[in-house]
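Visitor: I would like a close look at a single part of this model, the open sheet and what surrounds it. Please take me through it slowly, and then on to the backbone details that deserve a check.

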Amino acid sequence: MEPLQGERAREQARQLNSAPRRRTALIVDDCATLHAMMRDVLEPEYDCESVTSAEEAISVASRQTPDVIISDVVMEGTDGFELCRRIRADRRLHEIPLILLTSNPDPDGRATGLEEGADDYLSKPFRPRELLARVRSLVRLREARQEVLRQNRALERAHEELLTAQRQLLDAERLATLGMLATGLAHEINNPLAVVWAGFEQINESIRPEMALAPPKPEETAEIDEIRGEVRSGLERIRGIAQKLALLAAPEDNRRAPVSVHAEIDRAVAIARARLEQVELKRRFEGPQAIQAVPGYLTQILAQVLINAADAVALVRHPRIEIRTRRAEDGIEIVVEDNGVGISAEVVPQIFDPFFTTKAAGQGSGLGLAICQRLIQRLGGSAHVASQVGRGTQFRLWVPLEPPGVDKALRPRR
Ligand SMILES: Nc1ncnc2c1ncn2[C@@H]1O[C@H](COP(=O)(O)OP(=O)(O)O)[C@@H](O)[C@H]1O
Ligand SMILES: [Mg+2]
């Protein structure tokens, strides 16, 4: 039996808690007859407290925070207008609805009352239904306002929480990127470092004290030269990775100058020349000659794309690469197309990731396209790739004629 009773008691308590609270009304009038008349009207719905002066009203209101105050205007001592002013000036009470009630025939009284902050102004003798209706309406209005404020605060809290969550996500993403960078970097540098280290040990071992007396044998010299070559290539790889990383992390460059697209393409071809010896290279320039950009960015971007294209066509019977430019919207489109091995669809989404490479250790660092992506974004442009395995790849770069955010006042006159 006991648990059931306990359950019932809890249910009763729950109902009690959720039962609507009775509102309270504070009546302020120096005439006791009026107290009784107003209580008759209000008491069926409101718990009424009545006082005979504004001073008393302030002290009761401070203690009980009524839901509505109905006050006479003309009273001994502090009058209704002053009560109104003081209630509105009090941070804890200023939201309580206040109705002024007066028998004063002064035609300006209504305006004064409303100016002092009263929510309504009724004349005596009052009509009971009207008084009740006004009290109800003001109380409802205030409660609706409080509800809106509550919801606003809840929304603000939710918004704050969302912002915090977003910041945490960004931090996590940054950490993940950093982790990926660190892992890739460790892996990339470890391979050439192992070569350098092994070579260093071997050279150390092969340098014997007798060498000072007798010159090394020719086969020993050849071996040392071979090891030296390996050490040098290992060191060059480490230097290359460090340079590319520096490029990737380089601070934003806000220099803008007229840049000759064709000259930058030529410089990129010159950088990749060693790998393009066997390749039939075509150029078709139909786009604008010059754009506003950071000088050198296009060269770096195109050099990476061309080196990749050269790698892709390395084993093809008739290797071909074509570079085309054309005007596209407010920019220039530069297409680099090869007839190489192509990229499989599942790999395409990863090719711009730092350290992503399909090339053998020592062949690719996986930083080329990550650098391209970074630089092209800084130019306000974009890069797209279309590829078919076994047929070839097309890199489409788009760069605006003028980067976004160029201050027109600083732009050189044409
Ligand atoms: N033109 C291309 N043809 C085929 N595959 C390409 C081409 N360009 C890029 N890729 C693929 O994208 C990968 C990433 O390129 P990149 O960032 O330059 O690094 P890396 O050249 O050092 O591997 C390459 O390993 C390769 O798999
Ligand atoms: Mg590359």
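Guide: What follows starts with the sheet and then moves along the chain to some helix and loop details. Please keep in mind that this is a predicted model.

The sheet is open and is built from five strands in the order E2-E1-E3-E4-E5, with parallel pairing. Its edges are formed by strand E2 (46–51) and by E5, each of which pairs on one side only. Between neighbouring strands of this sheet the turn is 20 degrees on average, with direction ignored. Helix H4, which covers residues 80–89, packs on the sheet and touches E1, strand E3 (68–72), strand E4 (98–102) and E5. The direction of H4 makes about 175 degrees with that of E4.

For the pairing at one end of that order, strand E1 (residues 23–28) joins E2 in the parallel sense, over six bridges. As a point of reference within this pair, Ala25 stands opposite Cys48 in E2.

After edge strand E5 (120–123) the chain enters the loop that leads to helix H6 (128–206), and Pro125 lies in this loop. The peptide bond from Lys124 to Pro125 is cis, with omega near -5 degrees.

Further along, helix H7 runs over residues 218–248 and has 31 residues. From its first C-alpha to its last H7 reaches 45 Å, close to the 45 Å expected at 1.5 Å a residue. Which residues of H7 are buried? They are Glu220, Ile224, Ile227, Val231, Gly234, Ile238, Ile241, Leu245 and Leu248. An α-helix has 3.6 residues a turn, so residues three or four places apart point the same way.

Two loop residues deserve attention for their backbone angles. Glu329 is not a glycine, yet has a positive phi of about 50 degrees, and its place is in the loop between strand E9 (320–328) and strand E10 (331–338). Phe355, also a residue other than glycine, has a positive phi near 70 degrees, and is found in the loop between E10 and helix H10 (368–378). Are these residues buried or exposed? Glu329 is exposed, with a relative accessible area of 72%, whereas Phe355 is buried, with a relative accessible area of 12%.

Terms used. Residues are numbered from 1 along each chain as its sequence is written. Chains are lettered from A and ligands numbered from 1 in the order in which they are written. This is a predicted model: local features need pLDDT of at least 70, side-chain atom pairs count only at pLDDT 80 or more; totals for chains, interfaces and linings use all residues. Side-chain values use heavy atoms; hydrogens and water are left out. Helices (H or I, at least four residues) and strands (E, at least two) are DSSP runs, numbered from the N terminus. Buried means under 20% relative accessible area, exposed over 50%, partly exposed in between (1.4 Å probe, protein chains only). Two strands pair if DSSP finds at least two bridges between them. Axes are lines fitted to C-alpha atoms, for helices over the stretch in contact, and angles run from 0 to 180 degrees between N-to-C directions. Contact means heavy atoms within 4.5 Å. The expected span of a helix is 1.5 Å times one less than its number of residues.
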